[in-house]
Amino acid sequence: MLKLMIADDERMIRESISSLIDWNSLGIELIGTCSDGIEAYNMILDETPDIVLTDIRMPGLSGLELVERISQTDLGTQFIILSGFGEFKYAKQAMKFRVHHYLLKPCNEGQIIESMKDVVKEYYHRRAFQDLKERQKALTHNLHYSVLANIINERIFLQESPERAWDSYSGFMDFFNTGYEMCYLHYLEEEHLTSVLNQVSFYMMEHAPGITVYSIYVKNTLILFFESHQVSYDKLDAFMMSLSPHKAFTELSYVRATYASLSGLIETLTGKIERYGMIYFMNGLQPVPICNYKNLISKIEQLTTSLMQSEDSDSGNASLEELLNTIKNIGNLDFLKQTASRMVIKFTTGNRYYSTLEATEYLMTLNEQTNIEVLKNMLIEKILHIMEQPHENPQCCSPFIEKVKQCVENNLSNPNLTLKWIAENYLFMNVDYVSARFIKETKQKFSNYLATIRIQKAKQLLTEGNAEQIQWVAEQVGCGNNPQYFSQIFKKHTGMTPSAYVKRLNGGEK
């Protein structure tokens, strides 16, 4: 239930509103009433109500002053202004603080109930979008964490040129155009690691919300790195240098370095940590070991490459069998996840077997697994599926069919896009002939092709952080100003609504 507080200096009005309305039937719990603004302010801080119904004029603090003060906090309280003064200036001031409900005295029970229903609806709508944002943030963090874990593994254990690695991963993160900071905390004993990470986390949440901090721990050294976001880091440096774990025998030593790109940072980082036998890439406060599985990583890398490049069925079958047996013998869940992620991303290179979007979806599914046997079966099943239907270089379509595809891409937001329109306005050809050739060369009808492209584009937009703008996504993929229709066709092709799709990627409900 949502919590409600009523503030009014007239006792009769407070008691009438409190007793005349069945708050429980609205999904609301009345937690208290106040007779002045100061009492109301203190109760809000103590009880954190979701909704406050307040008079404009009260002793101590006026209703508008109360709204202004609370708006400067992170409580997210929704206000309904109740006043006997109908001047526009009061409503205008209220709207400055995003108060959308303004009731004039005298008002009846029905008006109050309707306002409450609107506020309740707005509250749950806002919370749903906030949940989607948090899940989207989790999706991005998990994906980036997986990519970084893979690339650090490769730079340490594989003899592969950096250029090749960046080519494989460039579709997932920006390695070249964004600056990064890397901080070193030396002489940090392992028993104090969690305490220091907590302090750093609290500092960043307060001073740099939204910035993801990645951390690696090797033999009494904590390495933190994050995207550059400030002109000056004097406050951060002062904070880091002030860290001193309780009962630590040695004072910490702090150094920070700035890098023009993530690729440069990773080259420096891996050069410093590659000599250690055990490296912990921290997932939040949870240490995930990167063990020295150099030979096994190299073997899997070679078998995967051989499998992708093999044109001979006998040698391909031999590589496949050896690769599957190798996967079956892996006993460490974290290492298997790293291996699986690496293979999926390798299959994605050049969109050979996967698009980046498909890889993202599958990586999230893999990372959800906590049972190593289930994970092995999933990975083996996927590899077998890929090998049963190997990628073939698509045969070039007729030039005018390629024009049809290009026209679809350029006009995807047009809700009235048809093959007839393309044939008549771009190709200047008979639509029946174009339709017949399209089916022959693409093995599908134009309507199916168009729907598939629209759903792929919608998935891309949703996973890029536009989950809270369903209507905008609908418009971008040609469903017009009709998010309900968009949800219907999305569910028809994917088996789930757009919101459910985003929740699944973020580890929410299926």
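**Close-up 1. Lysine 420 and its salt-bridge partner in helix H16.** Lysine 420 is partly exposed, at 46% relative accessibility. The view comes from a predicted model. Glutamate 424 is the partner of lysine 420 in a salt bridge, with 2.8 Å between the closest N and O atoms. Glutamate 424 is partly exposed too, its relative accessible area being 42%. Helix H16 spans residues 419–427. The two residues are separated by about one helical turn because they sit four residues apart in helix H16.

**Close-up 2. A salt bridge within helix H14, between lysine 376 and glutamate 373.** The side chains meet at 3.6 Å, N to O. Helix H14 covers residues 372–388 and holds both partners. They lie three residues apart, about one turn of the helix. Lysine 376 counts as buried, at 7% relative accessibility. Glutamate 373 is partly exposed, at 44%.

**Close-up 3. Aspartate 237 and arginine 256 joined by a salt bridge.** The closest N and O atoms are 2.8 Å apart. This pair links distant parts of the chain, with the two positions 19 residues apart in numbering. Aspartate 237 belongs to helix H8 (residues 234–242). Arginine 256 belongs to strand S9 (residues 253–259). Aspartate 237 is buried, with a relative accessible area of 13%. Arginine 256 is partly exposed, at 26% relative accessibility.

**Close-up 4. A salt-bridge network of Glu181, Asp237 and Arg256.** Salt bridges link these three residues in a network. Asp237 and Arg256 are the pair with closest N and O atoms 2.8 Å apart. The structure holds six salt bridges.

Definitions and conventions. Residues numbered from 1 in each chain as written. Predicted model: local features only at pLDDT ≥ 70, side-chain atom pairs only at ≥ 80, totals over all residues. Heavy atoms only, no water. Salt bridge = Lys/Arg side-chain N within 4 Å of Asp/Glu carboxyl O. Buried < 20%, exposed > 50% of the residue type's maximum accessible area, 1.4 Å probe, protein only.
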